[in-house]
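User: Please take a close look at the salt bridges of this chain and at the surroundings of the residues that form them. I would like one connected account rather than a list.

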Amino acid sequence: MGSHRNNVDDEGRGVHIVVVPSPAQGHINPLLQFSKHLAARPGLTLTFPTIFTDAAAVHLPATIPSLTLQQVPVSPYDGTKPETPIGFWERTQTSFRLHIVELISRHESDGDRVACVVFLTDQFLHLNNADWIFINTFDSLEPQEAEWMGQQLPFKSIGPMLPSIYLDGRLQDDTCYGLSLLESNMDSTMNWLHYKHNASVVYVSFGSLAEAIMEQIEELAMALKLSNRFFLWVVRESEIHKLPPNFIEDTSEKGLVVNWCPQLQVLGHKSVGCFITHCGWNSMLEALSLGVPLVAMAQWSDQLTNASMWKMYGRLGRG
């Protein structure tokens with residue numbers, strides 16, 4: 001990761017920054033939000049390369065014309081063997097590296113030199129060489145951790161990276177992240193919530209990557225069914241087979257199951273009373289910022305640590 005202290009280069013031109021996210025929704029959202037804040041500053045031009053299929057689905061504030069999203073074509077699958085998630089990840093990483101090298105070279109030859117590159121891709125391999133290491137948190141949330149980390153490496157807290165409408169309104173017309181890799185059931189979801197009483201709905205989502213095992217899904221489904229509470233459950237298309245037979249039909253009077261939904265708008269809706277979450281960091285920051293109690297079902301990676309620390313500090317809502 002890097003930073004540039006001035007907004008013009010030695011020849012008085014605006015500074016061009018490239019922000020490179022990992023190709024996953026949970027990585028794209030905060031970095032795109034960070035890019036909006038940078039692009040809103042005079043003299044800065046931002047390029048944000050990412051993988052997306054529908055340019056019409058990109059929604060960025062018109063007040064930030066200096067932020068450009070670029071589509072990165074993924075190298076074709078060779079078909080020699082069944083592709084695993086790790087294989088797809090490696091293919092996208094290779095595509096990104098080639099694209100960034102070509103992008104930097106092209107701008108160099110055009111006289112529009114890239115002054116700074118911000119990346120989460122392979123970030124742990126470059127910590128000792130980074131000018132700055134940006135973290136999507138804020139110091140008052142984790143004061144002891146922030147102080148300790150700042151003594152080890154040049155960490156800088158920049159969060160929470162949420163659209164401005166949910167925080168301080170600093171960016172005009174900044175009402176959503178702006179880019180979704182998954183199709184959202186927005187209208188039907190928000191209409192369904194609209195007719196529910198305040199704090200009456202249990203919202204359940206495990207994000208875009210976490211995969212609960214079938215036994216967990218079955219237990220959760222039974223708990224939601226027996227609770228006799230309204231619930232909104234995000235079950236990705238690839239996970240829908242784990243639901244018990246006829247579950248959606250049997251619970252249609254109390255529950256709504258969707259493949260994807262606008263999480264920020266859902267968490268901000270007055271009818272949502274609690275959030276059963278996989279404890280991904282973005283989800284936890286969003287719930288914290290919007291004041292929604294959390295019930296933890298951590299799955300992997302940093303999620304177990306997130307849940308443990310939240311409970312230790314008394315910040316986790318009671319289910």
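Analyst: Glu102 is partly exposed, with a relative accessible area of 39%, and this residue is a convenient place to begin, with the reservation that the model is a predicted one. The side chain of Glu102 meets that of Arg106 in a salt bridge, with 2.6 Å from N to O. Arg106 is likewise partly exposed, at a relative accessible area of 30%. Both residues belong to helix H2, which spans residues 85–109, and because they are four residues apart in that helix, about one helical turn separates them.

This pair is one of four salt bridges that a search of the whole structure finds. Another joins Glu239 to Lys242, where the closest N and O atoms are 3.1 Å apart. Here the partners are covered: Glu239 counts as buried because its relative accessibility is 8%, under the 20% limit, and Lys242 counts as buried by that limit at 11%.

A further salt bridge connects Asp174 with Lys36, and the closest N and O atoms of this pair are 2.8 Å apart. The contact ties together distant parts of the chain, for Asp174 sits in the loop between strand E6 (155–157) and helix H4 (186–194), while Lys36 lies in helix H1, and 138 residues separate the two. Asp174 is buried, and Lys36 is buried as well.

The helix that carries Lys36 leads into the next part of the picture, which concerns the strands on either side of it. Strand E1 (residues 15–20) and strand E2 pair in the parallel sense, with four bridges between them. Between these strands the chain passes through helix H1, residues 25–39, and the resulting β-α-β crossover from E1 to E2 is right-handed. Within the pairing of E1 and E2, His16 has Thr45 of E2 as its bridge partner.

Strand E2 itself, residues 44–50, is mostly covered, since six of its seven residues are buried. E2 also runs parallel to strand E3 (residues 67–71), to which five bridges join it. In that second pairing, Leu46 finds its bridge partner in Leu67 of E3. E2 is therefore paired with E1 and with E3.

The record offers a label for this stretch: an unreviewed UniProt entry annotates residues 15–50 as "domain: Glycosyltransferase N-terminal". Over those residues the model is 42% helix and 36% strand, and the C-alpha atoms at the two ends of the span lie 21 Å apart.

What, finally, is the count of disulfides to set beside these salt bridges? The count comes to zero. A disulfide is a covalent bond between the sulfur atoms of two cysteines. The sulfur of Cys176 is 14 Å from the closest cysteine sulfur, that of Cys261, and so is too far away for a bond, the cut-off being 2.5 Å. Cys176 is partly exposed, with a relative accessible area of 24%. For Cys274 the closest cysteine sulfur is in Cys279, at 13 Å, which is also too far for a bond. Cys274, with a relative accessible area of 15%, is buried.

How values were computed
Residues are numbered from 1 along each chain as its sequence is written. This is a predicted model: local features need pLDDT of at least 70, side-chain atom pairs count only at pLDDT 80 or more; totals for chains, interfaces and linings use all residues. Side-chain values use heavy atoms; hydrogens and water are left out. UniProt positions are given in the numbering used here, feature names are shortened, and annotations may be inferred rather than shown by experiment. Buried means under 20% relative accessible area, exposed over 50%, partly exposed in between (1.4 Å probe, protein chains only). Two strands pair if DSSP finds at least two bridges between them. A crossover is right-handed if, with the strands pointing away from the viewer, the path from the first strand over the helix to the second runs clockwise.
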